Structures are given as C-alpha cells and as structure tokens.
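Hi everyone, thanks for making the time. I'd like to walk you through one structure today, going from strand pairings to empty space and then to a few backbone oddities. Have a look at it first.

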Amino acid sequence: MPPTTLYDLSQFDLSKVAYDREFIRTINPQRGDMEHLDGIIHVDDEGVIGFKDVRHDEFWVPGHIPGRPLLPGVIMIEAAAQVASFYTKVVQKWPGFIGFGGVDEVKFRSAVEPGCRLYILNRMTWKRHRRICCDSQGLVNGTVVFEAKITGTQM
C-alpha cells in the first residue's frame, strides 16, 4: 500500500512559488553544487513544501549511472534537510546555522531522473534542546520516491 502523503499536493497551485531561490539564499547557506532547493510552494506552522528541479547538467549526472542517470539518495536527503532548515529558520524562527543532525527510517521507493521536479514535503514532528525533527517525503509526478525522518541541530 502506498504511503499517505504529508500534504495533498492537489490542494496547492504548484505553479505559484511562495519563496524563490534568491530568497532561499538569504536563509540557507548552501551554494554551487550543494544548493538543492529551488523554491518553496507552501509554508504553514506545521511544515513546508519545497522543490528541486533535477537538471541534466548536475555534477553527478555523468557518473551516477552512465547511460541512465539516477539522482543519488544522499542528494534527496540533503534536499530534504535544506527544506527542513528553511522551515526551522523561517517558521520556528531559530537563529544561527541549522546543521544536519541525523536521518532515520529512510526508504527509497522509486528512481528520480534528470528533467523531473522533486517535491519535498516536510512536517515537524518534535523540537527540544536545540534539535528539531521533520517527517520528510519526496514526490515525483504524485508518486512517493523517498521517505525519511530528518533531524536538525541548532549550531
């Protein structure tokens, strides 16, 4: 049975970007090859919906996997962590740098190829002692491609 999504994407205008890459750069410090968040569609008190446009010219394409490039799972997790960091700083208003604190219960369910838009859905599950955790999902064309619990740490 497919997992229930954290947000019903059919309830959102996915063409409307609430926060673009330039605004995200004022919040998240990643640049160059490590920037994996292209926009934010929705933010509320519980979570956020962001996206990564998976491009044909990304650094990993020639080597992962030659002839059939597949977005590495670690990049999907990094993208989810960047969405969670954005949420933590913008909604929870935590100051300073939010570092990657851990990942649990990861499942990769489907391949992601260049040319896709990867929607990243995050919902906060808990926060305490300068740590915060979000349930995260990645969706491509309405299909859940990964799930994880992402923990961030205020540094």
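Let me start with one pair of residues: Cys134 stands opposite Ile150 in E7. Before I go on, please keep in mind that this is a predicted model.

That pair belongs to a longer ladder, in which E6 and E7 are joined by 10 bridges and run antiparallel. On the other side of the story, E7 also pairs with E4, through eight bridges and again antiparallel. One pair to look for there is Lys107, whose bridge partner in E7 is Glu147.

Now zoom out to the sheet. In what order do its seven strands come? Reading across, the order is E1-E2-E3-E5-E6-E7-E4, in an open sheet with antiparallel pairing. The edges are strand E1 (19-20) and E4, each of which pairs on one side only. As a reminder, strands of a sheet pair through backbone hydrogen bonds, either parallel or antiparallel.

Towards the E1 end of that order, strand E2, residues 39-43, meets strand E3, residues 47-53, in an antiparallel pairing of four bridges. If you want a landmark in that pairing, take His42, whose bridge partner in E3 is Ile49. Helix H2 packs on the sheet, where it touches E1, E2, E3, E4, strand E5 (117-128), E6 and E7. The direction of H2 makes about 130° with that of E4.

Back to E7 for a moment. Why can we call E7 largely enclosed by the rest of the structure? Because 10 of its 12 residues are buried. Val145 is a residue of strand E7, and with a relative accessible area of 1%, Val145 falls under the 20% cut-off and so counts as buried.

What does Val145 touch, once its neighbours within four places in sequence are left aside? Its contacts include Met76, Lys107, Phe108, Leu118 and Leu139. Arg109, Ser110, Ala111 and Val112 are also among them. Ala111 is a nice example of a contact between residues separated in sequence: Val145 and Ala111 are 34 residues apart along the chain, yet 6.8 Å apart in space, C-alpha to C-alpha.

Next, empty space. Rolling a probe the size of a water molecule over the atoms shows where empty space is left. Here, the structure holds one cavity of 30 Å³ or more. The volume of the largest cavity is about 40 Å³. Which residues line the largest cavity? They are Ile24, Arg25, Asn28, Gln30, Arg31, Glu35, Leu37 and Gln82. By class, that lining has two nonpolar, three polar and three charged residues.

Then there is the largest pocket, with about 160 Å³ of space. The elements that give two or more residues to its lining are helix H2 (73-90), strand E4 (98-108), strand E6 (131-140) and strand E7 (143-154). H2 gives the most, with six residues. In total 17 residues line the pocket, and those nearest its centre are Ala81, Ser85, Ile98, Gly99 and Phe100. The class count for the pocket lining is nine nonpolar, seven polar and one charged.

Last topic: the backbone. Most residues other than glycine have a negative phi, and most peptide bonds are trans. Three places here are worth a click.

First up, the peptide bond joining His64 and Ile65 is cis, with omega about 10°. Ile65 sits in the loop between E3 and H2.

Next, Lys93, which is not a glycine, has a positive phi of about 60°. You will find Lys93 in the loop between H2 and E4. Is Lys93 buried or exposed? Its relative accessibility is 62%, which is over the 50% cut-off, so Lys93 counts as exposed.

Finally, Asn141, also not a glycine, has a positive phi of about 50°. Asn141 lies in the loop between E6 and E7, in a hairpin that has two residues between the strands. With a relative accessible area of 74%, Asn141 is exposed, whereas Val145 in E7 is buried.

That brings us back to E6 and E7, the strands we started from, with their 10 bridges. Thanks for listening, and I'm happy to take questions.

Methods: Residues numbered from 1 in each chain as written. Predicted model: local features only at pLDDT ≥ 70, side-chain atom pairs only at ≥ 80, totals over all residues. Heavy atoms only, no water. 1 Å grid on protein atoms, 1.4 Å probe; cavity = no way out; pocket = protein on both sides within 12 Å on 5 of 7 lines; lining within 4 Å. Points joined across faces, edges and corners; volume = space filled by probe spheres on them. Nonpolar A, V, L, I, M, F, W, Y, C, P; charged D, E, K, R; others polar. Pairing = 2+ DSSP bridges. Contact = heavy atoms within 4.5 Å. Axes fitted to C-alpha atoms, helices over the stretch in contact; angles between N-to-C directions. Buried < 20%, exposed > 50% of the residue type's maximum accessible area, 1.4 Å probe, protein only.
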